[in-house]
Amino acid sequence: MIGEGAGRTARNHIDEIMAGRFACREFSDTPVPRRTIEQILGVARFAPSGANIQPWHVYVLAGPVKERASAALLEAHETCRDEHVSEYKYYASDLPEPYLKRRQEFGRLFYGSLGIAQTDIDARSRQTAKNYAFFGAPVGLIVTIDRRLEVGSWVDLGMFVQNVLLAAAGRGLQSCPQETFAKYHRILRPLLSIPAEQMVVCGISIGRGKVEARERLMPRADVDEFVTFAGFEA
């Protein structure tokens, strides 16, 4: 839900899309036309970027190409996952509060919703493996950034990825952003002819969810927990 008080009275269509979006992890195999993906990316490209450098590149996978990539990733996950590591660090080694608590709550809620004990390593691995089949989605995106760029461009990339998710939702599609693809950049690079200067950042699954709407599983902090207002009249 969007929030308490005034925020609830100011809803519009964009608010509903933003608040209703969730990371879908169970897609139908209903095809998504190339034209629809072109439309999604065509509007997502209007994300802001410093000096308009637009630091993103997207590889769109479907059909046999997606299946071959998934097969290679699943084999690596099952046989040699410890030999692969992302080229960037997603989480801090020592998460401070409140971030540590939120991450622990995520694990409890997510795996609990699947009936998987957090200590069940094998079951968790099987759940992770579903990422590499794009959770059954008909379209998968692999998103990269030029490694020669600085952290500001990663901020720009995040806004672009969010635009992709919202543009998909606006067309009645579900999506799931997936950092875990970055781990297997050595598998993806030759399969997709990704040049050396590009770093794999994430994947995105896009399609029609088997569940179109759901209760929000993950809580969000209230506005007063992360906002400081200054200069407003009482």
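**Exercise 1.** Find which residue of β2 stands opposite H57, then place the pair in its sheet.

*Solution.* Start at H57: T144 in β2 stands opposite. Helices (H or I, at least four residues) and strands (E, at least two) are DSSP runs, numbered from the N terminus. Next, look at the two strands: six bridges join β1 to β2 (residues 139-146), and they run antiparallel. Two strands pair if DSSP finds at least two bridges between them. Now widen the view: four strands make an open sheet, ordered β1-β2-β4-β3, with antiparallel pairing. At its edges sit β1 (57-62) and β3 (174-178), each pairing on one side only.

A word on the source: this is a predicted model, where local features need pLDDT of at least 70, side-chain atom pairs count only at pLDDT 80 or more, and totals for chains, interfaces and linings use all residues. Residues are numbered from 1 along each chain as its sequence is written, and side-chain values use heavy atoms, leaving out hydrogens and water.

**Exercise 2.** Work out how α4 and α8 pack, and which residues make the contact.

*Solution.* Take the angle: α4 (residues 63-79) and α8 (residues 185-192) pack at about 155°, axes 10 Å apart. Axes are lines fitted to C-alpha atoms, for helices over the stretch in contact, and angles run from 0 to 180 degrees between N-to-C directions. So the two helices, α4 and α8, are roughly antiparallel (over 145 degrees). Then list the contact (heavy atoms within 4.5 Å): V65, A69, A72, L73 and A76 from α4 meet I187, L188, L191 and L192 from α8.

Key. Angles under 35 degrees count as roughly parallel, over 145 as roughly antiparallel, 65 to 115 as roughly perpendicular and the rest as oblique.
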